[in-house]
Amino acid sequence: MERAFLVTSTLCFLAGFAYAMYALGAKVRQPSRWNFVVMLTGFILQSGFLHLRSGEVGRCPLTSLFERLVFLSWSVVLLYFVVGSTYRLSLLGMFTAPLVFLIQVIAQLLPGASLPAVRKASLGFWPELHNAISLVAYGAFALSCVAGVMYLVQERHLKRHTLNSFFQNLPPIANLAVAVQRMMLAGFALLTAGIVAGFFAGHAAAATIALAVCVWLPYGVLLILRSTHRISSRRIAWLAVAAFTLALSTLGALNAVHMSN
Amino acid sequence: MEVLYLGLSHKTAPVETRERFAVPDAHLGEFSSLLAQAPGVREAVVISTCNRVEYYAAAEDGAEGLRTVSNFIAEKTGHAPQAPTFLELKSAEGIRHLFRVVSGLESMVIGETEILGQVKKAYQSAQTAGATSRTLNKLFQRAFNVAKEVRTKTSITRGAVSVGSAAVELAEKIFGKLDACNVMVLGAGETAEMTAKALQSRGAKAIFVSNRTYERAVSLAEMLGGRAIHFDQWEREFDAMDILIGSTGAPHAVVTNAKISPLMTRRQDRPLFCIDLAVPRDFEASVNDIEGVYLYDIDALQGIAEQSMQVRRQELVRCEEMIERHVADFSKWLTTPHHGFGGASGMQPEGAK
């Protein structure tokens, strides 16, 4: 049952992306409403999967890279609903859908992803809180990356004077610059909270704290440079993409640590 | 019941003719009401804008109804409506014409939306004056729905179709809302003035005008409600500007890469939108290479306007298909046996006149 939820939610995100592409090509206005419906359906199915999975593993479903990636994609969609409406970034859903689709496909293709869940002893409140908040922070970084890509696309259109329907549907470049920065800040605050929770967890979270700090530091530097205007919006957009790639790689590193243990 | 149309527009009559038949806004309701009371006509709506004067009526006998409308126009304006200046349409043709008008397909600038508001106003005046009943109420309500559908499901209203509106559209794609944007006009050309006005109408915070002839700058600044700056001082004010419009008659570039690059570093990453309306150009082309600067010259803006116009023309077929569906649907309703009097405001039985 849980697997069906996950596969269907993955298809929802693929459908959301496909529809948005079609809508842009067909010059249909306001494709965001359909995106919203598809994203919401995908999110409900993701939540269903995580709920059933947590019942099976007996704790927050973050026991493998497969589960962490699904939890990350759930966080991305959760934040998309919070942020998308706040900034009225109509195409955020369209850009978010392929990212979430990709993460979930990778998760399902991982070796061991199809194995049944194994019940494990609870790690305790603080380690689980640390893991969960840190991954939600990664979700915010993912959205900052998505907004960064949107910024770069819009900037290219403006510079090259290619004002096609893609351009028409993208939000103003100034709003995208703000969104990149704010999502980065939100992720940074969440990751800080996750690291603090990790300190309360003691030795149980030592490896994840170390990796979280590896992500926390570059984002901290970026935010300082940005707030002091020492770095341009264009560069921060590129770095938002690069930093998220780094954050994703730490998930792989974390898995390697767990496997060696 | 038949829907009738008698009217002229920018397509059939020059402005000298249109003004002879124009009806002041304040008299639209009265004209509609008087026409609705004329023999052979049951309901009427009169629309009068700078581009069209149109009489819509509902009558049992189409030919008699059109004669009545024609006589009414002649009596009220002192000029008899004649073909080909005036167009006479009945039933489906009249319905189609109204749907096309409210959708902006008959407008001078295809897809413009102002006409919808004007028709709504005229209809409301007629309705308030008791000149409409079931047929025209239903027709106009349907027309407004058609206009909405056409606007939301096609790109007929999308894109900028003039240099000024293209500049506004780009500015909004860069800054979002323009209420925090300062605009500086270098020179005092007519297109620059229109562009500045377009930006101002979309909420631009302040307009600054700088010209080699200071008096001309003062005059334009006064007209725009802005501030004049001596030409040798515009760079001092540059930091506070978001949009720079070039429209001088200088034979060489006034705004160069070398001049702007160091100034941009002081702007704390605020983007700069440069609009070059001058020929020869006021901005060096390489200004567009500076990070955060977006330069558009007159050709680029005209290209955007033409591109939008082309998109609108391409969308005409889709709009017409939509309209045709509604015309068939409404015509069917009009000819169904249950269609008749009752239920709408202003109705009156046949013998009441």
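The expected span of a helix is 1.5 Å times one less than its number of residues. Keep that in mind for chain A of this predicted model, and start with helix α5(A). This helix has 36 residues and reaches 53 Å from its first C-alpha to its last, close to the 52 Å expected at 1.5 Å a residue. As for its surroundings, 29 of the 36 residues of α5(A) are buried, so the helix is largely enclosed by the rest of the structure. Step just past the end of α5(A) and you meet A:H161, which takes a positive phi of about 60°.

You can run the length check again on helix α8 of chain A, residues 206-227. Its 22 residues should span 32 Å at 1.5 Å a residue, and the end C-alpha atoms sit 31 Å apart, which agrees. The buried residues of α8(A) include A:T208, A:I209, A:L211 and A:A212, and further along the helix A:Y219, A:G220, A:L222 and A:L223 are among them too. What kind of phi does A:H229, which follows α8(A), have: positive or negative? The phi of A:H229 is positive, near 60°.

Now zoom out to the whole of chain A. It has nine helices and zero strands, so to speak a plain run of α from the N terminus on. The radius of gyration is 18 Å, close to the 18 Å that the globule rule gives for 261 residues, so chain A is as compact as a globular protein of that length. Along its principal axes, the C-alpha trace of chain A covers about 55 × 45 × 30 Å. Of its 261 residues, 53% count as buried. Look at contacts in chain A between residues at least 6 apart in sequence, and 79% of them join residues at least 24 apart.

How far should you trust the chain A coordinates? Its mean pLDDT is 85, and 90% of its residues reach 70 or more. Within chain A, confidence is lowest in helix α6 (residues 165-169), at a mean of 75, and highest in helix α7 (residues 173-201), at 92.

Chain B is built from both kinds of element: 11 helices and 10 strands. Its radius of gyration comes to 26 Å, well over the 20 Å that the globule rule gives for 353 residues, so chain B is more spread out than a compact globule. The C-alpha trace of chain B spans about 80 × 40 × 35 Å along its principal axes. In chain B, 55% of the 353 residues count as buried. Of the contacts in chain B with a separation of 6 or more, 72% come from residues 24 or more positions apart.

Two spots in chain B are worth a visit. Take B:S48 first, which sits in strand β2 (residues 43-48). B:S48 is buried, with a relative accessible area of 11%. A polar atom of the B:S48 side chain lies 3.0 Å from the backbone nitrogen of B:V23. Leaving aside neighbours within four places in sequence, B:S48 is in contact with B:A22, B:V23, B:D25, B:L28 and B:V53.

The other spot is B:E54, in strand β3 (residues 52-59) of chain B. Is this glutamate buried or exposed? B:E54 counts as buried, at 0% relative accessibility. Its side chain makes a polar contact of 3.0 Å with the side chain of B:R52. Beyond four places in sequence, B:E54 touches residues including B:Y5, B:L6, B:G7 and B:L8, and B:V45, B:V46, B:I47, B:H97 and B:V101 are also among its contacts. For a feel of the scale of chain B, compare B:E54 with B:D239: they are 185 residues apart along the chain, and their C-alpha atoms are separated by 52 Å.

Last, the nonpolar interior. The largest nonpolar core has 109 residues, and those with the most contacts inside it are B:L199, B:I243, B:I245, B:F273 and B:Y296. The largest share of this core, 16 residues, comes from helix α5 of chain A, the helix we began with. A second, separate core of 61 residues includes B:A59, B:L66, B:F86 and B:F140. Back in the largest core, B:I243 makes a good place to look around: not counting residues up to four places away in sequence, it touches B:L199 and B:F273, and its other partners include B:A171, B:F175, B:C181, B:V183 and B:L272.

Terms used. Residues are numbered from 1 along each chain as its sequence is written. Chains are lettered from A and ligands numbered from 1 in the order in which they are written. Side-chain values use heavy atoms; hydrogens and water are left out. A nonpolar core is a set of buried Ala, Val, Leu, Ile, Met, Phe, Trp, Tyr and Cys residues joined through side-chain atoms within 4.5 Å. Buried means under 20% relative accessible area, exposed over 50%, partly exposed in between (1.4 Å probe, protein chains only). Helices (H or I, at least four residues) and strands (E, at least two) are DSSP runs, numbered from the N terminus. Contact means heavy atoms within 4.5 Å. A polar contact is a pair of N or O atoms within 3.5 Å; within protein, one must be able to donate a hydrogen and the other to accept it, and residues adjacent in sequence count only if both atoms are side-chain atoms. pLDDT is the predictor's confidence in each residue, from 0 to 100. The radius of gyration is taken over C-alpha atoms; the globule rule is 2.2 Å times the number of residues to the power 0.38.
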